[in-house]
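Me: Could you take a close look at one part of this model for me, the surroundings of the metal, and tell me what else stands out along the way? I would enjoy one connected walk through it.

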Amino acid sequence: MADTPRSRSLTPILAQLGLIALLLALPFIAPPDGRERASIAQFFGRFHPVLVHLPIGLLLLVPVLEIGGLLHVWRHLQKTAGFVLTLATIGAVVATAVGWLLAWSGGYEGETIMDHLWGGVWLSAACIVLTWFRHGYMAGEGYLFIRLGYMPLLFATIALMSWTSHQGSVITHGDDYLTKHMPAGLKQFLGLKSAVPPAKPAAEPKAGVAAEPVPAAPSFYVEKIAPLMEKHCVACHKPSKIKGGLRMDAYELLMEGGDSGPPVIAGSLEKSDLYRRITLPTDDEEFMPTDGKPALKPDEIKLIAEWIMAGAQP
Ligand code: HEC
């Protein structure tokens, strides 16, 4: 077999290009469309949140080893960096493939899911390209942009990884997970919304009237209805799982409704599809919540009825 050095070195590159093409095609060929599939696919898919942390840790280690390795006494670290980058790349590809399996089979859909999936796909591609750049960087030969481009590409890849992991954390924890308990001063400094509304300036004291500002009491919806929806419904009606096109994680979105229009019609239990569904016989196909999840209790249903009859206010 005439195996020239050139063709020998080209084969792995072609294989890696093929892998990148396959990863890029995944979201087109089999996008997460909100349908659930074979439970064996879901079984493997659910390892994604466990697996994903390995390449994250490894990739973060690469610049530490590269920069440490620039010091004469730590020269040996540079060799390790290449090995760690290879492991991180394999980990990223596997975690992305398993993540796609979870999204595709586990009934996920929506913008955050797609952002996260694309993030994983591009990140895996970037890691593969990064291993090529590192080759040129270490050999000190070949195109100048490859030799000089390795470090900037490494940091750009880590930035992409941070963004992608953040999308993942929004899917599992909601988008205020990191900031919810942040000290108010720091929140203000970062320009984030504060959960606690700023104190209203005290009203001018009028003669004979106490100047106590009356704090607005939380509404019936906020206090009673939203927690009910959160407990029984939001798991399937949220940004990453929009069953029936309906989101129930915010008042406005709930009232806007899904594929069959607004599910809540103020003042009418008969016209409110939401009320109809929660009061159907539990074995009815349209009964909510689906999938054998426990039905709402009679007093919970009564609260929802009261809220709808009283005008379904926010
Ligand atoms: C286990 C997942 C799941 C849970 C939990 C769930 N739903 Fe649903 N919901 C679905 C699916 C799937 C559909 C779409 C199929 C259909 O229309 O029956 C849907 C559709 C709907 C629709 C119709 C949307 C439209 O415009 O077509 C309403 C209203 C609804 N759900 C209300 C609720 C309420 C209220 C709860 C909580 C008590 C709830 N759902 C909990 C899965 C779920």
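Reply: Happy to. Let me begin at the surface and work towards the metal; please keep in mind that this is a predicted model. I40, F43, F44, F47, V50, L51, I90 and V94 make up a nonpolar patch on the surface, and together they have about 760 Å² of accessible area. Helix 2 (39–45), helix 3 (48–51) and helix 5 (77–105) each give two or more residues to this patch, and helix 2 gives the most, with three. One of the patch residues, I90, lies in helix 5 and is partly exposed, because its relative accessible area is 48%, a value that falls between the 20% and 50% cut-offs.

Helix 5 also holds S105, and here the picture changes: S105 counts as buried, with 0% relative accessibility. Setting aside neighbours within four places in sequence, its contacts are R35, E36, R37, A41 and Q42.

Now to the metal you asked about. The iron atom of the ligand is coordinated by H237 through NE2 and by M288 through SD, at 2.1 to 2.3 Å. These two residues bring together distant parts of the chain: H237 is in strand 1 (residues 237–238), whereas M288 is in the loop between helix 11 (273–278) and helix 12 (298–309), and the two are 51 residues apart. The site is octahedral, with six donor atoms and angles of 86 to 179 degrees among them. For comparison, ideal angles for six octahedral donors are 90 or 180 degrees. H237 is buried, at 9% relative accessible area, while M288 is partly exposed, at 23%.

The loop that carries M288 deserves a second look. M288 is joined to P289 by a cis peptide bond, with omega about -5 degrees, and P289 lies in that loop between helix 11 and helix 12 as well. D291 is also found in this loop, and its phi is near 55 degrees, a positive value in a residue other than glycine. With 59% relative accessibility, D291 counts as exposed. As background, most residues other than glycine have a negative phi, and most peptide bonds are trans.

Beyond the loop, in the segment after helix 12, comes A312. A312 is not a glycine either, yet its phi is positive, at about 50 degrees. Unlike the exposed D291, A312 is buried, with a relative accessible area of 1%.

Definitions and conventions
Residues are numbered from 1 along each chain as its sequence is written. This is a predicted model: local features need pLDDT of at least 70, side-chain atom pairs count only at pLDDT 80 or more; totals for chains, interfaces and linings use all residues. Side-chain values use heavy atoms; hydrogens and water are left out. Patches are made of residues with over 30% relative accessible area and no salt bridge: like charges are joined within 9 Å, nonpolar side chains (Val, Leu, Ile, Met, Phe, Trp, Tyr) within 5 Å. Accessible areas come from the Shrake-Rupley method with a 1.4 Å probe; for residues, only the protein chains shown count as cover. A salt bridge is a side-chain nitrogen of Lys or Arg within 4 Å of a carboxyl oxygen of Asp or Glu. Helices (H or I, at least four residues) and strands (E, at least two) are DSSP runs, numbered from the N terminus. Buried means under 20% relative accessible area, exposed over 50%, partly exposed in between (1.4 Å probe, protein chains only). Contact means heavy atoms within 4.5 Å. Donors are N, O and S atoms within 2.8 Å of the metal (3.2 Å for Na, K and Ca); water is not among the atoms, so sites may look incomplete. Four donors count as tetrahedral if all angles lie between 85 and 135 degrees; four count as square planar and six as octahedral if opposite donors are over 155 degrees apart and all others between 65 and 115; anything else is irregular.
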